[in-house]
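Me: Could you take a close look at the place where the two protein chains meet, and then at the charged pairs and the metal site? I would like one connected account.

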Amino acid sequence: MSKVEVKQKATSKWVCGGVNEHQRRTAGHFWQRPITNVAVLALLLACLPLALTSGFHYHLAVLVGINATIAISLNLLMGYAGQVSLGHAGFVALGAYGTAILSSRYGWPVPLALVSSAAGAALIAFVVGRPILRLKGYYLALGTLGLGMIIYLVISNEVWLTGGPDGMPVPVLELFGGRLTGPADWYWLIAVMLLLVFWLSTNLIHAPLGRALRALEGPEAVAGSVGIDVPRSKLLVFTLSAAIAALMGGFLALYAGFISPSLADFLHSIELALMVLVGGLGSVVGSIIGAALITLLPQVLTVVEEYETLVYGLILIGVMMFMPRGLLSSIIDLWRRIKR
Amino acid sequence: MSALEVISLSKEFGGVHAIEDLSFNISPGSVHSIIGPNGAGKTTLLNLITGIYQPTQGEVRLFGDSMAGMPVHARVMAGLGRTFQTPQVCMHMTALENVMLGRHIHLDGRFLPTALRLPRILSGEREARHRAAELMEYVGLADYLNDEPGSMPYGALKRLEVARALACEPKLLLLDEPAAGLGASEKADLTGLIEKLSGAGLTIVLVEHDMKLVMSISQHILVINYGQKLAEGQPTEVRRNPDVVAAYLGSAV
Ligand SMILES: Nc1ncnc2c1ncn2[C@@H]1O[C@H](COP(=O)(O)OP(=O)(O)OP(=O)(O)O)[C@@H](O)[C@H]1O
Ligand SMILES: [Mg+2]
């Protein structure tokens, strides 16, 4: 009670200038502007090759880049809009198989196959999204899990089209008259994709549309009461997220040159969700860090040989227990505490 | 034209008649209160008006237009604003962002302009931030701009809801027990705020248990009990109505 009264006394003194001062404080810092974030990431991606000394390093960087982009797309859905998905790998696989099938079985030009597959996956997400997104919480998790499993089953069983459990080869990507073969070529392509999706996501978040999406995570009555079309907003972010995942799935297939149904596997979906959780729900930068950690950890852990899986599991449990809001915000908190 | 027409409205929850054949009109301007004992159906009535519930029977009209089958968000665009009995705020946003949410229908929320970050998105954001800060000042929350709702006192959250609802620029504002849980000085502030809004021409529907507050600021009162109309009229008439006195047995009306 007394706190309110004290606050109100201060209020009466508060004149119009305060609004401007507030704007300077919140929107003014140039390092908080989306464009600054994009520029910093671009610089990092441009400089990273200085640290990459072998083809294997480039290979890892490409995998991290692909996973980071997919993790950002999943984070838009899970972290910002608060809609859990345990079937995201299904869309990655749709993009991968779509690209492979259209180009190698039907002879479509690879870039066209790639884009069409992403569009097709988006269409599927749009159609199945409406009923699935009516579910909430655990039921939504189960619904998306089921969706991923159906995609996995279709890919495993339609042997004539997908090669079934044996997988299928994917043609080489030709862009601008050149063939993309080595990981070093791919590095730049994936870096551009990551940057584009990062840019798109930051633009989305720092805008009315992004705020409306974030409101979906709050009490649903709030979103409705300010005029947000809740079903439509959920469907938009679900479709967008699926489209990005499928596009990156297509790139992944082209990069790997060979794909198998494990792409759509439940474990792959869990891995993607882990990247988002470890990095921090609702943090685009966190998703990149989470993707890097989950992708690189198994590589690093080869030093502990047969205990690899055990240590991997322990690290994940540790991160979840001690950094419940994700690596990034925990590190930032720690940094603030040290500074003080 | 009436701001709000409720026409033989009924809502049943598995045998419970929360609202039963209720009809009333609300003319534009001034403050209209809806009172009634706990469980009388007041919140249910507001949820029927805003479209959270679909009526079992009957119809709601807003400024002459039927709201039948219209989803919640479309009614907001038609000029309906509301607050909730227990504050409903997004805990993961700052207080200011919560109010900025209220600007939603006045901003460009389309995907492509947002993705390309066109100038109108930027200017819309600036405008929304500015308006939200002004509204927070207007309801007396200027000191809470960057606070997390989780750390704000209950009374401040109730006012935050009012600021958010006002950000929508509604023509009809529904307030569900805005004074519940407030201290005496906060109630006085709230009364002042409602009078200020009503003076500015906003039509206000007030659901409230605090009789002193209701009697002092309402031009018109509707009393409901068991989902049905018990009495209707000016504060002085309602106060003398024997049915109302009986329903509120013990509590001073
Ligand atoms: N979603 C629901 N499902 C089932 N019954 C409900 C539901 N909502 C309300 N009711 C019932 O309808 C009746 C009216 O409830 P309502 O919340 O509208 O009352 P109220 O007048 O707002 O009460 P209060 O003054 O306590 O807020 C109550 O008997 C309540 O139990
Ligand atoms: Mg109520």
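Reply: Happy to help; here is the interface, followed by the metal site and the salt bridges.

This is a predicted model, in which local features need pLDDT of at least 70, side-chain atom pairs count only at pLDDT 80 or more, and totals for chains, interfaces and linings use all residues. Residues are numbered from 1 along each chain as its sequence is written, chains are lettered from A and ligands numbered from 1 in the order in which they are written, and side-chain values use heavy atoms, with hydrogens and water left out.

Let's start with the interface. Chain B brings 51 residues to the contact and chain A brings 44 residues, where contact means heavy atoms within 4.5 Å. The area buried between the two chains is about 4,100 Å², with 62% of it from carbon and sulfur atoms; buried area here is the accessible area (1.4 Å probe) that two parts lose on being put together, summed over both. On the chain B side, Phe111(B), Arg117(B) and Asp143(B) supply 14% of the area that chain B buries against chain A, more than any other three residues.

Polar links also cross between the chains. There are 7 residue pairs in polar contact between chain B and chain A, both residues being at pLDDT 80 or more. A polar contact is a pair of N or O atoms within 3.5 Å; within protein, one must be able to donate a hydrogen and the other to accept it, and residues adjacent in sequence count only if both atoms are side-chain atoms. Several helices of chain B each supply at least two residues of the side that touches chain A, among them H2 (72–77), H3 (95–101) and H5 (119–138). (Helices are DSSP runs of H or I with at least four residues, strands are E runs with at least two, and both are numbered from the N terminus.) H5(B) gives the largest share of that side, 8 residues.

The count of salt bridges between chain B and chain A is 2, a salt bridge being a side-chain nitrogen of Lys or Arg within 4 Å of a carboxyl oxygen of Asp or Glu. Glu97(B) forms a salt bridge with Arg214(A), their closest N and O atoms lying 3.2 Å apart.

Now the metal site. The magnesium ion (ligand 2) has Thr43(B), through OG1, and Gln85(B), through OE1, as its protein donors, at 1.9 to 2.1 Å. Donors are N, O and S atoms within 2.8 Å of the metal (3.2 Å for Na, K and Ca), and water is not among the atoms, so sites may look incomplete. Thr43(B) belongs to helix H1 (residues 42–50) of chain B, whereas Gln85(B) lies in the loop between strand S6 (80–82) and H3, 42 residues apart.

Finally, the salt bridges within chains. Over all chains the count comes to 15. In chain A, Lys234(A) pairs with Glu220(A) at 3.3 Å, N to O. This pair joins helix H12 (residues 230–256) to helix H11 (residues 220–225). Lys234(A) is buried at 4% relative accessibility, while Glu220(A) is partly exposed at 35%; buried means under 20% relative accessible area, exposed over 50%, and partly exposed in between (1.4 Å probe, protein chains only). In chain B, Asp210(B) and Lys187(B) meet at 2.7 Å, N to O. Asp210(B) sits in the loop between strand S8 (203–207) and helix H8 (211–217), and Lys187(B) in helix H7, so the pair ties together parts 23 residues apart in sequence.
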